[in-house]
Amino acid sequence: MPTASPRKNHSDTSGKTPTSAAPTKTRKPATISPKKPTQKRHRARSYWLHKYGPPLLLIAPSVILVAIFVYGLLGHNFYLSMIDAHTFAKATGAKPTSFVGFENYIELFGDEDFIHSLKNLILLTVAFLLGTLILGFLWAWILEKPIKGEGIFRSIFLFPMAVSFVASGVVWKWLLNSSVGEEASGLNRLLQMVGLGFLQNSWTQNVSTGILAIAVPAIWQLSGYVMALFLAGFRGIPDELREAARVDGASEWKIYRHVIFPQLAPVALSAVIIIGHMSLKSFDLIMSITDQRTYSTKVPAIDMYNFMTDGDYSMSAAVGAILLVIVAVLVIPYLIHDAKGRD
């Protein structure tokens, strides 16, 4: 009897052996890698160079020159004032020098001649300031309202400023001649001719007031400049302020006193600073009228020149340092005040 053949399952009929399913790989989500710190620094540096590089390159030559030839030389001057380079040999390095600190300054302030120079400087500065401010202000007040021929008057007042101190000093040396009587010349001769011979004096040769004679040509030369400053201040005041004061019933004097003059305070301060520092550095005018050895007209700038020509470079540097401090005391408060005013 035939036997039934065993059934073959479906997998057998395919002729292939069953295989297990291959495992699927799971992809990780893509992540953005953070920028490297070096790249950030590189971009920041490039931005800084692009923004600030050209301006810095433009001012770099000036900054370098000022640092070397201004502040570098100032530092060398202060160092020189604190060593004992009192001879040409020590100043040139042929002989060694030693550090003495503030001994040179102490010696200067103990010297009666230097104290006399400081007193002369104070007298000259006060007379120079008062003379130029008063005359310059009065001239500007006169020209404040436009008048016929104003340009001619302005030119006459400003002309002395165009002349150098040396050139004007040569003329004033003759005008301030100290000879009196029959040998009189200059201003003394003029006073004698007009019957005012009792006003003749020795001018620059007077030990007590000789420096005030130097202030006369200085005032003559710089009053026009101060006039120009005040005149610009007058013209810069708006007319509306005057009209408003007139509407309120103020008189012309009250308008000037309470409205116009207070507006000129910054101009007056600028004039004080400019004229003050010029008087503190007076040298060429004095040298043109007298000379460096005239005791009656000596100022610290003349002392500095005398020490240098004598080979005492340390004392000369000390005098220069003292002058620098005096000028700084006068100028720095003005700069601070001006900076606060702008803010």
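Which helices each supply at least two residues of the negative patch? In this predicted model, they are helix 4, spanning residues 103-109, and helix 5, spanning residues 112-142. The patch lies on the surface and is made up of Glu 103, Glu 107, Asp 111, Glu 112 and Asp 113. Of these residues, Glu 112 is found in helix 5. Its relative accessible area is 66%, so Glu 112 is classed as exposed, the cut-off for that class being over 50%.

A nonpolar patch is also present on the surface. Its members are Ile 64, Leu 65, Val 66, Ile 68, Phe 69, Val 70, Tyr 71, Leu 73, Leu 74, Phe 78 and Leu 324, and together they have about 1,000 Å² of accessible area. Helix 2, which runs over residues 37-80, contributes the largest share of this patch, with 10 residues. Leu 73 is found in helix 2. Leu 73 counts as partly exposed because its relative accessibility is 47%, a value that falls between the limits of 20% and 50%.

In the interior, the largest nonpolar core comprises 47 residues. Within this core, Ile 214, Phe 230, Phe 234 and Ile 260 touch the most other members. Two or more core residues come from each of helix 5, helix 7 (165-175), helix 9 (210-235), helix 11 (252-263), helix 12 (265-280), helix 13 (284-289), helix 14 (300-309) and helix 15 (313-342). The greatest contribution is that of helix 9, which provides 12 residues. Helix 5 thus appears both among the elements of this core and among those of the negative patch.

Conventions
Residues are numbered from 1 along each chain as its sequence is written. This is a predicted model: local features need pLDDT of at least 70, side-chain atom pairs count only at pLDDT 80 or more; totals for chains, interfaces and linings use all residues. Side-chain values use heavy atoms; hydrogens and water are left out. Patches are made of residues with over 30% relative accessible area and no salt bridge: like charges are joined within 9 Å, nonpolar side chains (Val, Leu, Ile, Met, Phe, Trp, Tyr) within 5 Å. Accessible areas come from the Shrake-Rupley method with a 1.4 Å probe; for residues, only the protein chains shown count as cover. A salt bridge is a side-chain nitrogen of Lys or Arg within 4 Å of a carboxyl oxygen of Asp or Glu. Lys and Arg count as positive and Asp and Glu as negative; His and the chain ends are not counted. The place of a charge is taken as NZ of Lys, CZ of Arg, CG of Asp or CD of Glu. Helices (H or I, at least four residues) and strands (E, at least two) are DSSP runs, numbered from the N terminus. Buried means under 20% relative accessible area, exposed over 50%, partly exposed in between (1.4 Å probe, protein chains only). A nonpolar core is a set of buried Ala, Val, Leu, Ile, Met, Phe, Trp, Tyr and Cys residues joined through side-chain atoms within 4.5 Å.
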